Amino acid sequence: MLKALIVEDELYIRKGLLAMITSLDKEVTILGECESVKEAVVVANACKPDLIFLDINLLDGNAFDFLEQTTNLSYNVIFITAYEQYALQALKNGAVDYILKPVDIDELEAAIDKAIDSNVEIANEQLEIVKSEMLERKKEKLVLRLQEGLQVIEFRYLTHCKSDKGYTTFYLSDGKSYIASKPIKEFENQFPEKNFMRTHQSYVVNLSFIDKYDKNGYIFLKSGEKIPVSARRKNDFVERLLNQ
């Protein structure tokens, strides 16, 4: 018999989920219901559930805040979400099960059956993949300290960066650019690894904006910008591009 916890901020969804789980008559006992990260962490540590029905967005945080605070515990998770498309992709990559709201009882039954048959150690490895994906997606912005003040840059609009004599210029898809008085190496670790790559000692490129790579070792962005790829980075770059 699996000991389960429901973590969901909407009361009517918690009660509906509880009613459906009870009606399915599976080998699952609901230990309790929580509406916040803080409450769920306390209850999970006290009750040590085998299975958690976990909403993505909670009153005081999100599901991944809860996961980060309960790494000492082992449990399976069935995520519950209404609209978090990025989370769905992460969950698919991690092969952890999830249910879309409004909850369909057939999907719920299939997810519970999967949890009953699953291996907790494998589930924990999958959760680590999910958390890694989510942390990567949290890196959405970069704040530059410029002479005139602070400038916020969203990575999704950043096409590339160029470093020159201790300064770095950030180029955006709308044609704007900003110059920071630091070399590119000072920013390199802040770029999301999934989309950005340093192709040359003076350049970092957003792979999403690449139009083509020619045989002479140059990247052409969709804007027409020409960017070199150094000889020692060529193989890594080609592999990354082919696996995008």
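A disulfide is a pair of cysteine sulfur atoms within 2.5 Å. With that cut-off in mind, open this predicted model and begin the tour at the cysteines.

**Stop 1: the cysteines**

Select Cys34 and Cys47 and display the sulfur atoms. The closest cysteine sulfur to that of Cys34 belongs to Cys47, and the 8.1 Å between them is too far for a bond. Cys47 is likewise in no disulfide, its nearest cysteine sulfur being that of Cys34. A search of the whole structure returns zero disulfides. The surroundings of the two residues can be inspected with a surface representation: Cys34 is buried at 1% relative accessibility, whereas Cys47 is partly exposed, with a relative accessible area of 30%.

**Stop 2: the whole chain**

Zoom out and colour by secondary structure. The chain holds seven helices and 17 strands. Of its 244 residues, 43% count as buried. The exposed area of the chain is about 13,600 Å², of which carbon and sulfur atoms supply 46%. Among contacts with a separation of 6 or more, 56% are made by residues 24 or more positions apart.

**Stop 3: the parallel sheet**

Next select β2, β1, β3, β6 and β7. These five strands form an open sheet in that order, with parallel pairing. The edge strands are β2 (28-34) and β7 (98-100), each of which pairs on one side only. On average, neighbouring strands of this sheet are turned by 20° against each other, direction ignored.

Focus on β6 and β7, which run parallel and are joined by three bridges. Within this pair, Phe79 stands opposite Tyr98 of β7.

Now add helix α1, residues 11-24. Helix α1 lies across β1 (2-7), β2, β3 (51-55) and β6, and runs at about 175° to β2.

**Stop 4: Thr70**

Select Thr70, in the loop between α3 (63-69) and β6 (76-81). Is this residue buried or exposed? Thr70 is buried, with a relative accessible area of 1%. Show the side chain: one of its polar atoms lies 2.9 Å from the backbone oxygen of Phe66. Leaving aside residues up to four places away in sequence, Thr70 touches Val41 and Tyr75.

**Stop 5: the antiparallel sheet**

Move to the strands β12, β11, β10, β14 and β13. They form an open sheet of five strands in that order, and the pairing is antiparallel. At the edges stand β12 (177-180) and β13 (196-200); each has a single partner strand, so one side of each is left without a neighbour in the sheet. Neighbouring strands here are turned by 20° against each other on average, direction ignored.

Select β10, residues 158-164, for a closer view. Five of its seven residues are buried, so β10 is largely enclosed by the rest of the structure. Six bridges connect β10 to the antiparallel strand β11, residues 167-172. Two positions mark the register: His160 stands opposite Tyr171 in β11, and Cys161 has Phe170 as its bridge partner. The hairpin of β10 and β11 has two residues between the strands, and Lys165 takes a positive phi near 50° there.

Turn to the pairing of β10 with β14 (residues 203-206), which is antiparallel and comprises three bridges. Here Lys162 stands opposite Tyr203.

**Stop 6: strands β15, β16 and β17**

Finally, select β16, residues 218-221, and show its side chains. Which residues make up the covered face of β16, and which the uncovered one? Ile219 and Leu221 form the covered face, while Tyr218 and Phe220 form the uncovered one.

Add β15, residues 210-213. Strands β15 and β16 run antiparallel and are joined by three bridges; Tyr213 has Ile219 as its bridge partner in β16. Their hairpin has four residues between the strands, and Gly217 takes a positive phi near 90°.

Then add β17, residues 226-228, which pairs with β16 in the antiparallel sense over three bridges. Tyr218 stands opposite Pro228 in β17. The hairpin of β16 and β17 also has four residues between the strands, and Gly224 in the turn has a positive phi of about 100°.

Methods
Residues are numbered from 1 along each chain as its sequence is written. This is a predicted model: local features need pLDDT of at least 70, side-chain atom pairs count only at pLDDT 80 or more; totals for chains, interfaces and linings use all residues. Side-chain values use heavy atoms; hydrogens and water are left out. Buried means under 20% relative accessible area, exposed over 50%, partly exposed in between (1.4 Å probe, protein chains only). A polar contact is a pair of N or O atoms within 3.5 Å; within protein, one must be able to donate a hydrogen and the other to accept it, and residues adjacent in sequence count only if both atoms are side-chain atoms. Contact means heavy atoms within 4.5 Å. Accessible areas come from the Shrake-Rupley method with a 1.4 Å probe; for residues, only the protein chains shown count as cover. Two strands pair if DSSP finds at least two bridges between them. Axes are lines fitted to C-alpha atoms, for helices over the stretch in contact, and angles run from 0 to 180 degrees between N-to-C directions.
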